[in-house]
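Open your viewer, show the backbone as a cartoon and keep the selection box at hand. We will move from the whole chain to single residues.

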Amino acid sequence: MSFGLSRGRPLDTAPGVVMVSEQECGPLPDEIISDPNAGRLDPRTWFPLRNEHPDRPFEVEIGSGKGTFLIQQAPKSPGTDYLGIEWAAEFCTYAADRIRRARLPNVRLIRTDATELLRWRFPDGIVDVIHLYFSDPWPKARHHKKRVIQDRFLADAWRVLVPGGELRIVTDHDDLWRWDREHIERWCGPGPCPHHEGPVPAFAETDFTAPDSADQDELVGTNFERKFRREGRSFHATVLRKLTKSHSTGE
Ligand SMILES: C[S@@+](CC[C@H](N)C(=O)[O-])C[C@H]1O[C@@H](n2cnc3c(N)ncnc32)[C@H](O)[C@@H]1O
(Lines give C-alpha, C1' and ligand atoms only; values in the text may rest on other atoms or scores of the structure.)
Protein backbone atom coordinates (compact mmCIF):
# COMPACT_ATOMS: atom_id res chain seq x y z
CA MET A 1 0.00 0.00 0.00
CA SER A 2 1.16 3.55 -0.74
CA PHE A 3 -0.35 6.90 0.30
CA GLY A 4 1.72 9.38 -1.83
CA LEU A 5 -0.02 10.78 -4.93
CA SER A 6 -3.30 9.30 -3.69
CA ARG A 7 -3.68 11.98 -0.96
CA GLY A 8 -4.25 9.42 1.78
CA ARG A 9 -6.31 6.88 -0.16
CA PRO A 10 -4.65 3.44 -0.07
CA LEU A 11 -3.46 2.28 -3.49
CA ASP A 12 -3.59 -1.31 -4.73
CA THR A 13 -1.25 -2.19 -7.61
CA ALA A 14 -2.79 -5.67 -8.09
CA PRO A 15 0.54 -7.52 -8.32
CA GLY A 16 0.38 -10.40 -10.79
CA VAL A 17 -2.71 -8.86 -12.43
CA VAL A 18 -1.75 -5.24 -13.22
CA MET A 19 1.73 -4.75 -11.76
CA VAL A 20 4.17 -7.36 -13.05
CA SER A 21 5.28 -9.29 -9.96
CA GLU A 22 8.80 -10.43 -9.03
CA GLN A 23 7.68 -14.03 -9.59
CA GLU A 24 6.63 -13.20 -13.15
CA CYS A 25 9.85 -11.43 -14.09
CA GLY A 26 12.32 -13.24 -11.86
CA PRO A 27 15.90 -12.14 -11.13
CA LEU A 28 18.45 -11.66 -13.90
CA PRO A 29 20.62 -14.78 -14.01
CA ASP A 30 24.39 -14.45 -13.43
CA GLU A 31 24.94 -16.13 -16.80
CA ILE A 32 24.23 -12.86 -18.62
CA ILE A 33 27.88 -11.96 -17.92
CA SER A 34 28.90 -14.47 -20.59
CA ASP A 35 25.60 -14.89 -22.45
CA PRO A 36 23.57 -11.70 -23.10
CA ASN A 37 20.55 -13.84 -24.05
CA ALA A 38 20.43 -15.73 -20.73
CA GLY A 39 17.88 -13.36 -19.12
CA ARG A 40 15.47 -13.18 -22.04
CA LEU A 41 11.79 -13.93 -21.42
CA ASP A 42 8.62 -13.22 -23.36
CA PRO A 43 6.73 -10.32 -21.72
CA ARG A 44 3.75 -11.01 -23.99
CA THR A 45 2.96 -14.06 -21.83
CA TRP A 46 2.07 -11.67 -18.98
CA PHE A 47 -1.15 -10.82 -20.84
CA PRO A 48 -4.12 -13.20 -20.29
CA LEU A 49 -5.95 -12.51 -23.58
CA ARG A 50 -2.92 -13.75 -25.46
CA ASN A 51 -3.66 -17.37 -24.51
CA GLU A 52 -6.58 -17.40 -26.93
CA HIS A 53 -5.15 -14.94 -29.48
CA PRO A 54 -1.37 -15.41 -29.70
CA ASP A 55 -1.04 -12.92 -32.58
CA ARG A 56 -2.21 -9.91 -30.57
CA PRO A 57 -0.02 -6.83 -31.20
CA PHE A 58 2.21 -5.83 -28.30
CA GLU A 59 3.06 -2.20 -27.53
CA VAL A 60 5.29 -0.67 -24.86
CA GLU A 61 5.21 2.76 -23.24
CA ILE A 62 8.46 3.98 -21.68
CA GLY A 63 7.91 6.37 -18.76
CA SER A 64 4.15 5.98 -18.26
CA GLY A 65 3.99 8.54 -15.44
CA LYS A 66 0.44 8.53 -14.07
CA GLY A 67 -0.70 6.08 -16.77
CA THR A 68 -2.98 8.44 -18.67
CA PHE A 69 -1.93 7.35 -22.19
CA LEU A 70 -2.47 3.67 -21.33
CA ILE A 71 -5.84 4.30 -19.69
CA GLN A 72 -7.07 6.34 -22.64
CA GLN A 73 -5.63 4.20 -25.45
CA ALA A 74 -6.15 0.61 -24.25
CA PRO A 75 -9.99 0.67 -24.36
CA LYS A 76 -9.83 2.13 -27.89
CA SER A 77 -7.62 -0.75 -28.98
CA PRO A 78 -8.81 -3.84 -27.05
CA GLY A 79 -7.06 -6.20 -29.51
CA THR A 80 -3.62 -4.87 -28.50
CA ASP A 81 -1.65 -5.56 -25.30
CA TYR A 82 0.12 -2.60 -23.64
CA LEU A 83 3.03 -2.78 -21.21
CA GLY A 84 3.81 0.45 -19.33
CA ILE A 85 7.36 0.72 -17.96
CA GLU A 86 7.92 3.29 -15.22
CA TRP A 87 10.87 3.44 -12.85
CA ALA A 88 9.54 5.99 -10.32
CA ALA A 89 7.82 3.99 -7.57
CA GLU A 90 5.27 6.64 -6.67
CA PHE A 91 4.08 7.14 -10.26
CA CYS A 92 4.11 3.43 -10.99
CA THR A 93 1.99 2.64 -7.92
CA TYR A 94 -0.45 5.42 -8.70
CA ALA A 95 -0.78 4.34 -12.36
CA ALA A 96 -1.22 0.65 -11.46
CA ASP A 97 -4.05 1.50 -9.08
CA ARG A 98 -5.75 3.58 -11.81
CA ILE A 99 -5.40 0.73 -14.32
CA ARG A 100 -6.79 -1.76 -11.78
CA ARG A 101 -9.83 0.43 -11.16
CA ALA A 102 -10.34 0.91 -14.93
CA ARG A 103 -10.43 -2.92 -15.33
CA LEU A 104 -8.26 -3.07 -18.45
CA PRO A 105 -7.21 -6.67 -19.18
CA ASN A 106 -4.88 -5.51 -21.97
CA VAL A 107 -2.69 -3.24 -19.80
CA ARG A 108 0.12 -4.17 -17.43
CA LEU A 109 2.77 -2.13 -15.70
CA ILE A 110 6.29 -2.90 -14.57
CA ARG A 111 8.50 -0.85 -12.29
CA THR A 112 11.99 -0.85 -13.73
CA ASP A 113 14.43 0.97 -16.01
CA ALA A 114 12.97 0.49 -19.48
CA THR A 115 16.34 0.65 -21.21
CA GLU A 116 17.62 -2.26 -19.10
CA LEU A 117 14.40 -4.24 -19.53
CA LEU A 118 14.61 -4.03 -23.31
CA ARG A 119 18.30 -4.75 -23.34
CA TRP A 120 18.42 -7.80 -21.08
CA ARG A 121 14.90 -9.24 -21.08
CA PHE A 122 13.17 -8.69 -24.42
CA PRO A 123 13.69 -11.20 -27.26
CA ASP A 124 14.14 -10.03 -30.85
CA GLY A 125 11.19 -8.84 -32.94
CA ILE A 126 8.29 -8.89 -30.46
CA VAL A 127 7.22 -5.22 -30.07
CA ASP A 128 4.92 -3.49 -32.56
CA VAL A 129 5.24 0.02 -31.13
CA ILE A 130 7.41 1.73 -28.51
CA HIS A 131 5.84 4.94 -27.17
CA LEU A 132 8.21 7.54 -25.65
CA TYR A 133 6.31 10.65 -24.63
CA PHE A 134 7.84 13.60 -22.77
CA SER A 135 10.90 11.69 -21.71
CA ASP A 136 12.93 13.35 -18.92
CA PRO A 137 15.24 15.95 -20.58
CA TRP A 138 18.15 15.71 -18.09
CA PRO A 139 19.38 19.20 -19.11
CA LYS A 140 22.82 19.14 -17.42
CA ALA A 141 25.62 17.75 -19.62
CA ARG A 142 26.81 15.37 -16.92
CA HIS A 143 23.32 13.81 -16.85
CA HIS A 144 22.92 13.36 -20.62
CA LYS A 145 23.87 9.70 -20.22
CA LYS A 146 20.55 9.24 -18.37
CA ARG A 147 18.49 10.29 -21.40
CA VAL A 148 16.54 7.38 -22.88
CA ILE A 149 17.61 8.06 -26.47
CA GLN A 150 21.19 6.76 -26.80
CA ASP A 151 22.86 4.68 -29.50
CA ARG A 152 22.71 1.67 -27.17
CA PHE A 153 18.95 2.15 -26.67
CA LEU A 154 18.30 2.59 -30.41
CA ALA A 155 20.18 -0.64 -31.11
CA ASP A 156 17.96 -2.44 -28.58
CA ALA A 157 14.79 -0.73 -29.86
CA TRP A 158 15.63 -1.82 -33.41
CA ARG A 159 16.28 -5.39 -32.23
CA VAL A 160 13.06 -5.81 -30.21
CA LEU A 161 10.74 -4.18 -32.78
CA VAL A 162 8.99 -6.28 -35.40
CA PRO A 163 9.93 -5.40 -39.02
CA GLY A 164 8.12 -2.14 -39.76
CA GLY A 165 7.57 -1.57 -36.01
CA GLU A 166 7.60 1.99 -34.71
CA LEU A 167 9.37 4.10 -32.10
CA ARG A 168 7.11 7.10 -31.47
CA ILE A 169 8.67 10.17 -29.83
CA VAL A 170 7.16 13.43 -28.55
CA THR A 171 8.92 16.10 -26.52
CA ASP A 172 8.52 19.77 -25.65
CA HIS A 173 12.21 20.19 -24.80
CA ASP A 174 14.30 21.93 -27.49
CA ASP A 175 17.68 20.78 -26.21
CA LEU A 176 16.52 17.17 -25.84
CA TRP A 177 15.07 17.39 -29.35
CA ARG A 178 18.47 18.53 -30.71
CA TRP A 179 20.00 15.46 -29.02
CA ASP A 180 17.28 13.21 -30.44
CA ARG A 181 17.80 14.67 -33.92
CA GLU A 182 21.57 13.94 -33.83
CA HIS A 183 20.75 10.31 -33.09
CA ILE A 184 17.89 10.16 -35.61
CA GLU A 185 20.10 11.49 -38.45
CA ARG A 186 22.64 8.77 -37.68
CA TRP A 187 20.12 5.93 -37.37
CA CYS A 188 18.08 7.01 -40.43
CA GLY A 189 21.23 7.54 -42.49
CA PRO A 190 24.25 5.47 -43.50
CA GLY A 191 25.54 5.26 -39.91
CA PRO A 192 27.75 4.27 -38.26
CA CYS A 193 25.18 3.08 -35.70
CA PRO A 194 27.11 1.92 -32.62
CA HIS A 195 26.00 -1.46 -31.14
CA HIS A 196 23.83 -2.10 -34.21
CA GLU A 197 24.06 -5.49 -35.88
CA GLY A 198 21.43 -4.99 -38.59
CA PRO A 199 21.38 -3.26 -41.97
CA VAL A 200 21.61 0.51 -42.40
CA PRO A 201 19.70 2.70 -42.54
CA ALA A 202 18.17 1.10 -39.46
CA PHE A 203 15.05 3.29 -39.39
CA ALA A 204 13.01 5.48 -41.72
CA GLU A 205 11.51 8.65 -40.28
CA THR A 206 7.78 9.15 -40.89
CA ASP A 207 5.17 11.68 -39.84
CA PHE A 208 3.64 11.46 -36.38
CA THR A 209 -0.09 10.81 -36.36
CA ALA A 210 -2.15 11.10 -33.18
CA PRO A 211 -3.47 7.88 -31.62
CA ASP A 212 -7.26 7.32 -31.51
CA SER A 213 -7.33 8.31 -27.85
CA ALA A 214 -5.93 11.83 -28.32
CA ASP A 215 -8.39 14.71 -28.10
CA GLN A 216 -8.73 17.13 -30.97
CA ASP A 217 -5.57 19.24 -31.36
CA GLU A 218 -3.55 16.90 -29.14
CA LEU A 219 -0.54 14.85 -30.22
CA VAL A 220 -1.09 12.14 -27.60
CA GLY A 221 -2.91 13.63 -24.60
CA THR A 222 -0.58 12.62 -21.77
CA ASN A 223 -0.53 14.50 -18.47
CA PHE A 224 2.64 16.35 -19.42
CA GLU A 225 1.31 17.31 -22.85
CA ARG A 226 -1.81 18.81 -21.28
CA LYS A 227 0.20 20.68 -18.63
CA PHE A 228 2.63 22.03 -21.25
CA ARG A 229 -0.21 23.04 -23.59
CA ARG A 230 -1.75 25.15 -20.81
CA GLU A 231 1.67 26.82 -20.50
CA GLY A 232 1.68 27.56 -24.25
CA ARG A 233 4.72 25.42 -25.08
CA SER A 234 5.31 23.94 -28.53
CA PHE A 235 6.16 20.33 -29.31
CA HIS A 236 8.36 18.10 -31.46
CA ALA A 237 7.15 14.70 -32.63
CA THR A 238 8.37 11.97 -34.93
CA VAL A 239 8.12 8.28 -35.73
CA LEU A 240 11.04 5.97 -36.53
CA ARG A 241 9.99 2.87 -38.47
CA LYS A 242 12.24 -0.19 -38.30
CA LEU A 243 13.78 -1.11 -41.63
CA THR A 244 14.99 -4.59 -42.42
CA LYS A 245 17.01 -5.63 -45.47
CA SER A 246 13.89 -6.23 -47.53
CA HIS A 247 12.42 -2.88 -46.42
CA SER A 248 15.66 -1.04 -47.26
CA THR A 249 16.09 -2.52 -50.71
CA GLY A 250 12.40 -2.82 -51.51
CA GLU A 251 12.89 -6.55 -52.27
C1 LIG B 1 8.35 13.78 -17.76
S2 LIG B 1 7.58 12.31 -17.27
C3 LIG B 1 6.36 12.02 -18.54
C4 LIG B 1 5.29 11.06 -18.11
C5 LIG B 1 4.24 10.75 -19.20
N6 LIG B 1 4.86 10.08 -20.32
C7 LIG B 1 3.57 11.99 -19.65
O8 LIG B 1 3.78 12.42 -20.79
O9 LIG B 1 2.76 12.54 -18.86
C10 LIG B 1 8.80 11.10 -17.68
C11 LIG B 1 8.57 9.78 -16.96
O12 LIG B 1 9.47 8.81 -17.45
C13 LIG B 1 9.98 8.06 -16.36
N14 LIG B 1 11.27 7.51 -16.82
C15 LIG B 1 12.34 8.22 -17.22
N16 LIG B 1 13.33 7.40 -17.63
C17 LIG B 1 12.85 6.13 -17.50
C18 LIG B 1 13.39 4.85 -17.75
N19 LIG B 1 14.64 4.70 -18.22
N20 LIG B 1 12.63 3.76 -17.51
C21 LIG B 1 11.37 3.91 -17.03
N22 LIG B 1 10.81 5.10 -16.75
C23 LIG B 1 11.54 6.20 -16.98
C24 LIG B 1 10.07 9.05 -15.23
O25 LIG B 1 10.08 8.43 -13.97
C26 LIG B 1 8.81 9.89 -15.46
O27 LIG B 1 7.68 9.34 -14.80
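The stops below go from the overall fold to two helices, the core, the ligand and two loops.

**Before you select anything.** This is a predicted model, in which local features need pLDDT of at least 70 and side-chain atom pairs count only at pLDDT 80 or more, while totals for chains, interfaces and linings use all residues. Residue numbers start from 1 along each chain as its sequence is written.

**Whole protein.** With everything in view, you are looking at 8 helices and 7 strands; helices (H or I, at least four residues) and strands (E, at least two) are DSSP runs, numbered from the N terminus. The radius of gyration is 18 Å, close to the 18 Å that the globule rule gives for 251 residues, so the protein is as compact as a globular protein of that length. That radius is taken over C-alpha atoms, and the rule is 2.2 Å times the number of residues to the power 0.38. Turn the C-alpha trace along its principal axes and it spans about 55 × 50 × 40 Å. Of the 251 residues, 34% count as buried. Here, buried means 20 or more other C-beta atoms within 10 Å of the residue's own, exposed means 12 or fewer, and partly exposed lies in between, with C-beta atoms placed from the backbone.

**Helix α3.** Select residues 89-102. The end C-alpha atoms of α3 are 20 Å apart, which agrees with the 20 Å that its 14 residues should span at 1.5 Å a residue; the expected span is 1.5 Å times one less than the number of residues. Now colour the buried residues of α3, among them Phe-91, Tyr-94 and Ile-99. Their cover includes α2 (68-73), β2 (81-85) and β3 (107-110). Step just past the helix to Arg-103, where phi is positive, about 50 degrees.

**The core.** Which residues have the most contacts inside the largest nonpolar core? They are Ile-99, Leu-109, Ile-130 and Ala-157, in a core of 50 residues. Such a core is a set of buried Ala, Val, Leu, Ile, Met, Phe, Trp, Tyr and Cys residues joined through C-beta atoms within 7 Å. Centre on Ile-99: leaving aside neighbours within four places in sequence, its contacts include Val-18, Leu-70 and Leu-109. Two residues are in contact if their C-beta atoms, placed from the backbone, lie within 7 Å.

**Helix α6.** Select residues 174-187, where Leu-176, Trp-177, Asp-180, Arg-186 and Trp-187 are buried. Show α5 (151-160), β5 (161-171), β6 (203-206) and β7 (236-242) as well, since the buried residues of α6 pack against them.

**Around the ligand.** Of the 20 residues around the ligand, Gly-63, Gly-65, Phe-134, Thr-222 and Phe-224 come nearest; a residue counts as near if its C-beta atom, placed from the backbone, lies within 6 Å. Add α7 (223-230), which gives the most to this shell, with 3 residues.

**Two loop residues.** Trp-87 sits in the loop between β2 and α3. Is Trp-87 buried or partly exposed? It counts as partly exposed because it has 18 C-beta neighbours inside 10 Å. Beyond four places in sequence, Trp-87 is in contact with Arg-111, Thr-112 and Asp-113. Finish at Pro-29, in the loop between α1 (22-25) and β1 (58-62). Pro-29 counts as exposed, with 11 C-beta neighbours inside 10 Å.
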